[in-house]
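Dear colleague,

Please find below the structure that I am handing over to you. The notes that follow set out what was found in it.

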Amino acid sequence: EERGLNDPILVQSARTMKEIFAEDSYVRIQLGVRLPKTIKLTLAAGVVTLVLALPIGVWAAIKQNTLFDNVSMLISFFGVSMPNFWLLLFALYLGWFPTSGSQTLSSLVLPAFTLAFGNMAFISRITRSSMLETIRQDYITTARAKGVPGFKVIFGHALKNSLIPVITYFGPMLAYIVTGAIIVEQIFAVPGIGRAFVNSITGRDYPLIMGTTIILACLIIIMNLVSDLLYKIVDPRIELD
């Protein structure tokens with residue numbers, strides 16, 4: 001009774017959330033300091049993924065069964081199969097980039113590429129498959145027959161209609177990158193929410209564990225919602241019920 005354990009589960013949950021996220025609570029202070037660093041790392045990984053994966057996937061579809069297509073798909077198999085932290089070798093043996101911290105742009109390169117590489121390989125494959133299906137559609141043939149420039153056919157018509165599978169994967173991917181950052185931040189000593197989460201587990205800091213878990217769950221829900229909304233923007237024919 002003193003601990004409120006006889007209260008309904010919703011009342012207990014609300015009370016716990018109020019205590020965890022109170023304005024002067026330790027958990028809120030920690031999340032306020034560390035979460036922006038994780039979000040910065042996540043956005044950097046997302047930008048790297050899109051900037052590299054989309055052109056590779058589009059070009060591989062246009063140049064199907066060529067050397068570029070075969071090499072890019074081989075690299076994508078490698079990227080999906082290898083553990084993310086293998087890129088740490090570039091820092092340990094080549095010394096190209098810093099292995100820890102998040103203060104400078106160069107210190108974000110390795111963590112961002114580590115988080116992005118596997119997703120980049122997967123999205124390039126999705127883009128290639130979707131583009132191959134789209135460029136064989138009748139409206140693409142008609143556009144080419146009318147003399148529409150090839151660049152406009154590919155990037156103005158085909159790519160836009162090929163983005164639905166990419167959006168389906170990319171939206172939740174950003175949220176899962178945050179959860180994947182738990183390991184990457186620990187390896188590269190990035191002072192983000194992931195590293196704090198690991199330390200809270202080893203230190204049995206249950207309020208911080210609960211607060212971090214709730215934040216990560218909310219991010220996954222929000223990104224799934226954003227993905228659904230982007231469907232309507234990319235393809236107005238889709239109805240949102």
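How much area does the protein chain expose, and what share of it do carbon and sulfur atoms supply? The protein chain exposes about 13,900 Å², and carbon and sulfur atoms supply 66% of this area. Please keep in mind that the model is predicted.

**The chain as a whole**

The protein chain holds ten helices and zero strands. Read from the N terminus on, its elements therefore run α-α-α-α-α-α-α-α-α-α. Of the 241 residues in the protein chain, 39% are buried. If one takes the contacts between residues at least 6 apart in sequence, 70% of them join residues at least 24 apart.

**Two buried residues of helix 5**

Helix 5 spans residues 105-134 and includes proline 111. Threonine 127 is found in helix 5 as well. Is proline 111 buried or exposed? Its relative accessible area is 1%, and because buried means under 20%, proline 111 counts as buried. Threonine 127 is also counted as buried, because its relative accessibility is 1%.

Which residues do these two touch, if those up to four places away in sequence are not counted? Proline 111 touches Leu41, Val184, Phe188 and Val190. Threonine 127 touches Leu54, Gly57, Val58 and Val166. In addition, proline 111 and alanine 44 are 67 residues apart along the chain, while their C-alpha atoms are separated by 9.1 Å.

**A nonpolar patch on the surface**

Val47, Val51, Leu52 and Phe113 make a nonpolar surface patch of about 320 Å². Helix 2, which covers residues 26-62, gives the largest share of this patch, with three residues. Valine 47 is one of the residues found in helix 2.

**Helix 9 and the residue after it**

Helix 9 runs over residues 193-202, and its buried residues are Ile193, Gly194, Ala196, Phe197 and Ser200. Why do these buried residues line one face of the helix? Seen down the axis of helix 9, they fall within an arc of 160 degrees, so they line one face. Arginine 204 follows helix 9, and the phi of arginine 204 is positive, near 55 degrees.

I would suggest reading the sections above with the structure open beside them.

With kind regards

Terms used. Residues are numbered from 1 along each chain as its sequence is written. This is a predicted model: local features need pLDDT of at least 70, side-chain atom pairs count only at pLDDT 80 or more; totals for chains, interfaces and linings use all residues. Side-chain values use heavy atoms; hydrogens and water are left out. Helices (H or I, at least four residues) and strands (E, at least two) are DSSP runs, numbered from the N terminus. Buried means under 20% relative accessible area, exposed over 50%, partly exposed in between (1.4 Å probe, protein chains only). Contact means heavy atoms within 4.5 Å. Patches are made of residues with over 30% relative accessible area and no salt bridge: like charges are joined within 9 Å, nonpolar side chains (Val, Leu, Ile, Met, Phe, Trp, Tyr) within 5 Å. Accessible areas come from the Shrake-Rupley method with a 1.4 Å probe; for residues, only the protein chains shown count as cover. A salt bridge is a side-chain nitrogen of Lys or Arg within 4 Å of a carboxyl oxygen of Asp or Glu. The arc is that of the directions from the helix axis to the C-beta atoms.
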